[in-house]
Amino acid sequence: SERSFVMIKPDGVSRQLVGKIITRFEERGYKLVAVKSLTPSPALAKEHYIDLASRPFYKGLVDYITSGTPVVAMVWEGKDVIRQGRRIVGATNPQESDPGSVRGQYAVSVGRNLIHASDSFDSASKEIELWFAESELAEYKPTTWDWVMADN
Ligand code: GTP
Ligand code: MG
């Protein structure tokens, strides 16, 4: 099964929503492969959002991510977790996010939208490699795994 990079942004940490957000992924049956709290360097934040470098909000985005309030960087694994992770997170602009999504439940502003999730298999691979060393990625089987994953 596949892996996605998910990051609770500084507003999510500051607003003490870390537990509630992690619970969404845990309760869905996804496996927590890696997790760490850190304040990203400007170089890391710029590289993470490099595809948006020409956008007018890029500097503000990098400043927000590197503000000094930490982010919680995670890797989640499971069936279709990249696409399902994007559904859990909701639309980029919280004004458009489904109210059942994290952004739709807890955020109102596109510049403070709480959470990131990889948008494709390609970006998931790149982001996991950018944020984590191979040795930080755990290999284990949750006790729930067979029940969650069975499809017959
Ligand atoms: P991420 O999961 O964070 O990558 O968000 P996304 O994939 O839903 O959106 P995208 O990659 O296009 O933009 C990355 C981030 O830039 C968003 O999550 C916002 O925090 C920010 N952003 C995107 N568009 C705007 C905008 O129009 N204005 C502002 N201020 N921020 C924006
Ligand atoms: Mg994105």
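This briefing describes the fold, the nonpolar core, the ligand surroundings and a few individual residues of one protein chain with a ligand. The model is predicted, and its protein chain holds eight helices and four strands. According to UniProt, in an unreviewed entry, residues 1-139 carry the annotation "domain: Nucleoside diphosphate kinase-like".

**Overall fold**

- Read from the N terminus, the elements of the protein chain follow the order β-α-α-β-α-α-β-α-α-β-α-α.
- The radius of gyration of the protein chain is 15 Å, close to the 15 Å given by the globule rule for 152 residues, so the chain is as compact as a globular protein of that length.
- The C-alpha trace of the protein chain extends over about 50 × 35 × 25 Å along its principal axes, and 32% of the 152 residues count as buried.
- Among the contacts in the protein chain with a separation of 6 or more, 70% are made by residues that stand 24 or more positions apart.
- Over residues 1-139, the range that UniProt lists for the annotated domain, the chain is 40% helix and 19% strand, and the C-alpha atoms at the two ends are 13 Å apart.

**Nonpolar core**

- The largest nonpolar core comprises 28 residues, of which V6, M7 and I115 touch the most other members.
- Two or more residues of this core come from each of the elements β1 (2-8), α2 (18-28), α4, β3 (71-78), α5 (81-89), α6 (102-106), β4 and α7 (121-131), and β3 gives the most, with six residues.
- When residues up to four places away in sequence are left out, M7 touches V71, V72, A73, M74, I115 and H116.

**Surroundings of ligand 1**

- The shell around ligand 1 is formed by L52, F57, G60, L61, T92, V110, G111, N113, H116, A117 and D119.
- Two elements, α4 (58-65) and β4 (115-117), give two or more residues to this shell.
- By residue class, the shell around ligand 1 divides into five nonpolar residues, five polar residues and one charged residue.
- H116 appears both in the shell around ligand 1 and among the residues that M7 touches.

**Backbone and exposure at individual residues**

- Q16, which lies in the loop between α1 (10-14) and α2, has a positive phi of about 60° although it is not a glycine.
- Because Q16 has 8 C-beta neighbours inside 10 Å, and 12 or fewer is the cut-off for an exposed residue, Q16 counts as exposed.
- L114, found in the loop between α6 and β4, likewise is not a glycine and has a positive phi, of about 75°.
- L114 has 23 other C-beta atoms within 10 Å and is therefore buried, the cut-off for burial being 20 or more.
- I50 is situated in the loop between α3 (42-48) and α4, and because 11 other C-beta atoms lie within 10 Å of its own, I50 is exposed under the limit of 12 or fewer.
- Between I50 and V75 there is a sequence separation of 25 residues, and their C-alpha atoms are 20 Å apart in space.

Methods: Residues are numbered from 1 along each chain as its sequence is written. Chains are lettered from A and ligands numbered from 1 in the order in which they are written. This is a predicted model: local features need pLDDT of at least 70, side-chain atom pairs count only at pLDDT 80 or more; totals for chains, interfaces and linings use all residues. A residue is near a molecule or strand if its C-beta atom, placed from the backbone, lies within 6 Å of it. Ala, Val, Leu, Ile, Met, Phe, Trp, Tyr, Cys and Pro count as nonpolar, Asp, Glu, Lys and Arg as charged, and the others, Gly among them, as polar. UniProt positions are given in the numbering used here, feature names are shortened, and annotations may be inferred rather than shown by experiment. The radius of gyration is taken over C-alpha atoms; the globule rule is 2.2 Å times the number of residues to the power 0.38. Two residues are in contact if their C-beta atoms, placed from the backbone, lie within 7 Å. A nonpolar core is a set of buried Ala, Val, Leu, Ile, Met, Phe, Trp, Tyr and Cys residues joined through C-beta atoms within 7 Å.
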